[in-house]
Amino acid sequence: MSEEARKYIIELFKIVGTNSVLVVMPAGRVRRLYCPFWVICLVDVPPLQKGGEYAVEAVKMTLEKQDVFIIEGKAYFVWYFTIKG
């Protein structure tokens, strides 16, 4: 991990931890959702199925600074999901 990435992750987790995510609402207001929160899978990502609803156990980041949701103990990129409203 580069020193820049390490510093970024340290600073980020001062604001949000692995137990929540910040979401920008339609009116532009920011809301914090705490785990577990529910998401809907947008594509088949075996064993998860498109349209399936899943509980996010934690929110983490890869070494490449990409956000992932922990679902059923496994990491999945956040762009595979939409937050259930």
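This passage walks through the nonpolar core, a three-stranded sheet and the salt bridges of a predicted model.

The core is a good place to start. The largest nonpolar core counts 16 residues, and those touching the most other members are Phe-37, Val-39, Val-56, Phe-69, Ile-71 and Phe-81. Four strands each supply at least two residues of this core: E1 (20–24), E3 (37–41), E4 (53–56) and E6 (67–71). Strand E3 gives the largest share, with 3 residues. For a closer look, consider Phe-37. Beyond its neighbours within four places in sequence, Phe-37 is in contact with Val-21, Tyr-54, Ala-55, Val-56, Val-59, Phe-69 and Ile-83.

Strands E3 and E4 also appear in an open sheet of 3 strands, which runs in the order E4-E3-E8 with antiparallel pairing. Strands E4 and E8 (81–83) stand at the edges; each has a single partner strand, so one side of each is left without a neighbour in the sheet. On average, and with direction ignored, neighbouring strands of this sheet are turned by 40° against each other. The antiparallel pairing of E3 with E8 extends over 3 bridges. Within E8, Phe-81 serves as the bridge partner of Cys-41, and Phe-81 is also among the core residues that touch the most other members.

Turning to charged side chains, the structure holds 3 salt bridges. In one of them, Lys-65 meets Glu-4 at 3.8 Å, N to O. This pair links distant parts of the chain, as Lys-65 sits in the loop between strand E5 (58–61) and E6, while Glu-4 belongs to helix H1 (residues 3–15), 61 residues apart. Lys-65 counts as partly exposed because its relative accessibility is 34%, whereas Glu-4, at 59%, counts as exposed.

Helix H1 also holds a salt bridge between the side chains of Glu-11 and Lys-14, at 2.9 Å, N to O. Because these two residues lie 3 residues apart in the helix, about one helical turn separates Glu-11 from Lys-14. With 44% relative accessibility, Glu-11 counts as partly exposed; Lys-14, with 60%, counts as exposed.

A further salt bridge brings together the side chains of Lys-84 and Glu-53 at 2.7 Å, N to O. Here, too, distant parts of the chain are linked: Lys-84 lies in the segment after E8 and Glu-53 in strand E4, 31 residues apart. Lys-84 has a relative accessibility of 38% and therefore counts as partly exposed. Glu-53 is likewise partly exposed, at 41%.

How values were computed: Residues are numbered from 1 along each chain as its sequence is written. This is a predicted model: local features need pLDDT of at least 70, side-chain atom pairs count only at pLDDT 80 or more; totals for chains, interfaces and linings use all residues. Side-chain values use heavy atoms; hydrogens and water are left out. A nonpolar core is a set of buried Ala, Val, Leu, Ile, Met, Phe, Trp, Tyr and Cys residues joined through side-chain atoms within 4.5 Å. Buried means under 20% relative accessible area, exposed over 50%, partly exposed in between (1.4 Å probe, protein chains only). Contact means heavy atoms within 4.5 Å. Two strands pair if DSSP finds at least two bridges between them. Axes are lines fitted to C-alpha atoms, for helices over the stretch in contact, and angles run from 0 to 180 degrees between N-to-C directions. A salt bridge is a side-chain nitrogen of Lys or Arg within 4 Å of a carboxyl oxygen of Asp or Glu.
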